[in-house]
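These are notes on the model, set out as numbered points for checking against the coordinates. Please read them with the structure open.

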Amino acid sequence: MDTIDAIEFYWRPGCPFCMMLERSLGAANVPMSKRNIWDDPNAAAYVRSVADGNETVPTIRVGGWSAVNPSVVALVILAQ
């Protein structure tokens, strides 16, 4: 897999799952590019496209791979 600069982290304010994942990724030094789905209609549309029409967060995109509420372990491996 090619080296990535940052994972794309789709989130919304007040989401406890987003906060937990962000904290864990930060502790693992995984670079993130955050996209607030409430402020960015394109980000919300992307999340709906990979979450069966729902705005379920956290959603992560790494290259061509996306996941809704993925494990930290999987993301750390992908970010290496």
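**Notes on the predicted model**

1. Burial and overall size. Of the 80 residues of the chain, 35% count as buried. The model is predicted, not experimental. The chain has a radius of gyration of 12 Å, which agrees with the value near 12 Å that a compact globule of 80 residues would have. The C-alpha trace spans about 30 × 25 × 20 Å along its principal axes.

2. Surface and contact range. About 4700 Å² of the chain is exposed, and carbon and sulfur atoms supply 51% of that area. When contacts between residues at least 6 apart in sequence are taken, 55% join residues at least 24 apart.

3. Secondary structure. The chain has three helices and four strands. Read from the N terminus, the order of elements is β-α-β-α-β-β-α. Strand β1 covers residues 7–11, and α1 (16–27) and β2 (32–36) are joined by a loop that contains N29. The loop that holds P58 runs between α2 (41–50) and β3. Strand β3 itself takes in residues 59–62, and β4 residues 65–68.

4. T59. This residue of strand β3 has 0% relative accessibility and therefore counts as buried, the limit being under 20%. Beyond its neighbours within four places in sequence, T59 contacts E8, F9 and Y10, then V47 and V50, and also A67 and V68. E8 belongs to β1 and A67 to β4, so the contacts of T59 reach residues of both strands. The side chain of T59 also reaches the backbone oxygen of T56, at 2.6 Å.

5. A67. Located in strand β4, A67 is buried because its relative accessible area is 14%, under the 20% limit. Outside the four-place sequence window, A67 is in contact with P58, T59 and I60. The C-alpha atoms of A67 and V47 are 9.5 Å apart, with 20 residues separating the two along the chain.

6. E8. What does E8, in strand β1, touch when its neighbours within four places in sequence are left aside? The contacts are S33, R35, T59, I60 and R61. Within β1, whose range is residues 7–11, the side chains of E8 and Y10 are joined by a polar contact of 2.8 Å. The placement of these two side chains can be inspected together with the contact between E8 and R61.

7. Rings and charges. One aromatic pair is found in a search of the whole structure. Two charged ends sit over rings. That of K34 is over the ring of W11, 4.4 Å from its centre. That of R61 is over the ring of Y46, 3.8 Å from its centre. R61 is also one of the residues in contact with E8.

8. The cis peptide. Most residues other than glycine have a negative phi, and most peptide bonds are trans. The bond from V57 to P58 is cis, with omega near 0°. P58 is placed in the loop between α2 and β3, and P58 is among the contacts of A67.

9. Positive phi. Where are the positive phi values of N29 and D52 located? N29, not a glycine, has a phi of about 60° and lies in the loop between α1 and β2. D52, also a residue other than glycine, has a phi near 55° and is found in the loop between α2 and β3. N29 is exposed because its relative accessible area is 68%, over the 50% limit. D52 is likewise exposed, since its relative accessible area is 78%.

10. A6. This residue precedes strand β1. A6 counts as partly exposed because its relative accessibility is 28%, between the limits of 20% and 50%. Residues up to four places away in sequence aside, A6 touches P31, M32 and S33. S33 is also in contact with E8. From A6 to N54 the C-alpha distance is 24 Å, at a sequence separation of 48 residues.

Notes:
Residues are numbered from 1 along each chain as its sequence is written. This is a predicted model: local features need pLDDT of at least 70, side-chain atom pairs count only at pLDDT 80 or more; totals for chains, interfaces and linings use all residues. Side-chain values use heavy atoms; hydrogens and water are left out. Helices (H or I, at least four residues) and strands (E, at least two) are DSSP runs, numbered from the N terminus. A polar contact is a pair of N or O atoms within 3.5 Å; within protein, one must be able to donate a hydrogen and the other to accept it, and residues adjacent in sequence count only if both atoms are side-chain atoms. Contact means heavy atoms within 4.5 Å. Rings of Phe, Tyr and Trp (its six-membered ring) pair if their centres lie within 6.5 Å; planes under 30 degrees apart count as stacked, over 60 as edge-to-face and the rest as tilted. A charge sits over a ring if NZ of Lys or CZ of Arg is within 6 Å of the ring centre and within 35 degrees of the ring normal. Buried means under 20% relative accessible area, exposed over 50%, partly exposed in between (1.4 Å probe, protein chains only). The radius of gyration is taken over C-alpha atoms; the globule rule is 2.2 Å times the number of residues to the power 0.38. Accessible areas come from the Shrake-Rupley method with a 1.4 Å probe; for residues, only the protein chains shown count as cover.
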